Amino acid sequence: MRIALLVTCLADSLFPRAAIASVELLERLGHEVVFPEQQTCCGQMHVNTGYFAEALDLVRQHVEVFERCRCDVIVAPSGSCVGSVRHQHAWVARRAGDERLAQRAEAVAARTYELSEFLIDVQGSPDVGAYYPHRVTYHPTCHSLRMLRVGDRPLQLLRHVRGLTLVELAEAETCCGFGGTFALKNPDTSTAMLGDKLACILRSGAEVCTAGDSSCLMHIGGGLSRLRASVRTVHLAEILASTETDHGAPGSR
């Protein structure tokens, strides 16, 4: 299958390992992965803060770029960005009176998947050949949970990772407090919500907290760093791309 990678702004600018791991994983599973270099921000931040005219330009760019790439599907290591593509792009176009663009946006959105969705619903198997010998807890991000309804797909994948011990996260479905510009506009509330999330992560006894969105991991990771906690944040794609070669054979350490 020919897959176009929607890389996301955070992966491009701050957390490239999530995108690199996605490519490594998808290629290991036998897919051809291409990266349309003309892609830009999906426009979610602009929509969420009311800059609809600027968002319209980004929607048009997104649609044109991913129409041209002639790929079977589009995959992103981000529930947040895929949520924007599915739930905001056509709406932005229709709000501007561009029905043709809205229909094209819907066609692009229909073949756009968050990584765990693709692996479970299209790839068709929760076992991707991963090996990651650590205690891991999973934080379901708000957009993946509430907009995309990915459900337990990430957990299905994690349960099939060899060497991984999956530990339960109390109050897992509670927001971490990031929320994009919410954290900037409401810093006190955001910090309080983060404190609750960090307490649950630390009580879990996990070595690693994972999620499908770098934005939430950035927020959580920053909080853990300020506490000088030993828990690390690792994107789901990085765990799924990991193999025995990366860690040595079982029992070798």
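In this predicted model, four strands line up into an open sheet, and reading across it gives the order β2-β1-β3-β4, with parallel pairing. The strands at the edges are β2 (32–34) and β4 (112–114), each of which has a partner on one side only. Going from one strand to the next, the sheet twists by 35° on average. Zooming in on one pair, β3 (residues 73–76) and β4 run parallel and are held together by three bridges. Within this pair, I74 sits opposite T112 of β4.

Two helices that pack on the sheet are worth a look here. Helix α5 (residues 79–87) touches β3 and β4, and its direction makes about 150° with that of β4. Helix α8 (residues 115–123) also packs on the sheet, but its contacts are with β1 (2–5), β3 and β4. The direction of α8 makes about 105° with that of β4.

Next comes the inside of the protein. The largest nonpolar core is made up of 32 residues, and L26, F118, L119, Y132, I239 and L240 have the most contacts inside it. Quite a few elements chip in with two or more residues: β1, α2 (16–28), β3, α8, β5 (135–138), α10 (153–159) and α14 (236–241). Helix α14 gives the largest share, at five residues. As for Y132, if its neighbours within four places in sequence are set aside, its contacts include V161, L164, V208 and I239, along with R162, R232 and H247. Apart from the largest core lies another one, with 26 residues, including L6, A76, V82 and L148.

That leaves the cysteines. A disulfide is a covalent bond between the sulfur atoms of two cysteines. How many disulfides does a search of the whole structure find? The count is zero. Why is C209 not bonded to C176? The closest cysteine sulfur to that of C209 belongs to C176, and because the two are 9.0 Å apart, they are too far from each other for a bond. C209 is also buried, with a relative accessible area of 0%. C216 is in no disulfide either, and its nearest cysteine sulfur, again that of C176, is 4.0 Å away. A disulfide needs the two sulfur atoms within 2.5 Å, so the pair formed by C216 and C176, at 4.0 Å, does not count as one. C216 is buried too, with 9% relative accessibility.

How values were computed:
Residues numbered from 1 in each chain as written. Predicted model: local features only at pLDDT ≥ 70, side-chain atom pairs only at ≥ 80, totals over all residues. Heavy atoms only, no water. Pairing = 2+ DSSP bridges. Axes fitted to C-alpha atoms, helices over the stretch in contact; angles between N-to-C directions. Contact = heavy atoms within 4.5 Å. Core = buried A, V, L, I, M, F, W, Y, C linked by side-chain atoms within 4.5 Å. Buried < 20%, exposed > 50% of the residue type's maximum accessible area, 1.4 Å probe, protein only.
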